Amino acid sequence: IKLSLRLFNAPKDFVYVDFYDRYIDECRNPTAIRLSEVEQLKDLLYLADVDYKNKVILDVSGGPGLVAKSLAEKGAKVTVTELTAGSVEAMSEAFPISASVFAYDEDDLTELFDKNSLDIVMIRSSIIFARDLDKLFSEIKSILKPDGILLIETTVPTLGEVFWWQTMEYKFPFLFS
């Protein structure tokens, strides 16, 4: 399966959530690319003048948890959600963060977090899995403090991106502009 995924060609019986169990290894053995993503996000927060130290942060579908780990090392209290229990367990064991299983269309963030309890909510490269954006934003509005920050990063649906990802229907079900 790993070789198939590396070549962007999965077998017909491939279960798409299995793709995200790769985070189990990635949280323990981060690649240079993953580590650069951490620095990119920290640069973005710096440029936006966002102080994340001592903040309560949610990283929705936060991959292998490396961003969360880095923010927690600077004093933030970070929770990461991810699709698979194996990934959540690996992050919880490896890093000083909280992690929970969460699927956009099946779960509700208001069941995981108290009202007005979060300073920052980050959705990085995963909003494409939310079929009901109204539901998602209603949940975020409830759990985010009134002066809180919502950061959304997503794949821009350029022609090149569409061609690149067209064989990975299980990965990017929606591309929002």
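Two strands pair if DSSP finds at least two bridges between them, and strands themselves are DSSP E runs of at least two residues, while helices are H or I runs of at least four, both numbered from the N terminus. With that in hand, load the model and start clicking.

One caution before the tour: this is a predicted model, where local features need pLDDT of at least 70, side-chain atom pairs count only at pLDDT 80 or more, and totals for chains, interfaces and linings use all residues. Residues are numbered from 1 along each chain as its sequence is written, and side-chain values use heavy atoms, with hydrogens and water left out.

**Whole chain, cartoon view**

Colour by secondary structure and you should find seven helices and five strands. Followed along the sequence, they come as α-α-α-β-α-β-α-β-β-α-β-α. Of the 177 residues, 41% are buried (under 20% relative accessible area; exposed is over 50%, partly exposed in between, with a 1.4 Å probe and protein chains only). For contacts (heavy atoms within 4.5 Å) between residues at least 6 apart in sequence, 64% join residues at least 24 apart.

**The sheet**

Now select the strands. They form an open sheet in the order β3-β2-β1-β4-β5, with parallel pairing. Show 98-101 and 144-153: these are β3 and β5, the edge strands, and each has a single partner, so one side of each is left without a neighbour in the sheet. Neighbouring strands are turned by 20° against each other on average, direction ignored (axes are lines fitted to C-alpha atoms, for helices over the stretch in contact, and angles run from 0 to 180 degrees between N-to-C directions).

Zoom in on β4, residues 118-124. Six bridges join β4 to β5, and the two run parallel. Pick Arg-124 and look across: Glu-153 of β5 stands opposite. On to β1, which four bridges join to β2, again parallel. Here Asp-59 stands opposite Val-80 in β2. Four of the five residues of β1 are buried.

**A salt bridge between strands**

Keep Asp-59 and Arg-124 selected and show side chains. They meet in a salt bridge, 2.7 Å from N to O (a side-chain nitrogen of Lys or Arg within 4 Å of a carboxyl oxygen of Asp or Glu). The pair links β1 to β4 across 65 residues. Are these two buried or exposed? Asp-59 is buried at 0% relative accessibility, and Arg-124 is buried too, at 13%.

**Ile-120**

Stay in β4 and select Ile-120. Ile-120 is buried, with a relative accessible area of 3%. Turn on its surroundings: leaving out residues up to four places away in sequence, Ile-120 touches Val-50, Asp-51, Tyr-52, Lys-55, Val-56, Ile-57, Leu-58, Leu-144 and Ile-149. Val-50 sits 70 residues from Ile-120 in sequence, yet their C-alpha atoms are 9.4 Å apart.

**Helices across the sheet**

Select 66-73 for α4. This helix lies across β1 (56-60), β2 (77-82) and β4, at about 170° to β2. Six of its eight residues are buried: Leu-66, Val-67, Ala-68, Ser-70, Leu-71 and Ala-72. Their cover includes α2 (23-28), α3 (32-47), β1, β2 and β4. Just past the end of α4, click Gly-75, which has a positive phi of about 100°.

Next, 133-143 gives you α6, which lies across β1, β4 and β5 and runs at about 140° to β5.

**More charged pairs**

The structure holds nine salt bridges. One of them joins Arg-131 and Asp-105, at 3.3 Å from N to O. Arg-131 is in the loop between β4 and α6 and Asp-105 in the loop between β3 and β4, so the pair ties together parts 26 residues apart in sequence. Arg-131 is exposed at 59%, whereas Asp-105 is partly exposed at 37%. Then select Glu-26, Arg-34 and Glu-37, which salt bridges with shared partners join into one network.

For a pair within one helix, try Glu-39 and Lys-42, whose closest N and O atoms are 3.6 Å apart. They are three residues apart in α3, about one helical turn. Glu-39 is partly exposed at 40%, but Lys-42 is buried at 18%.
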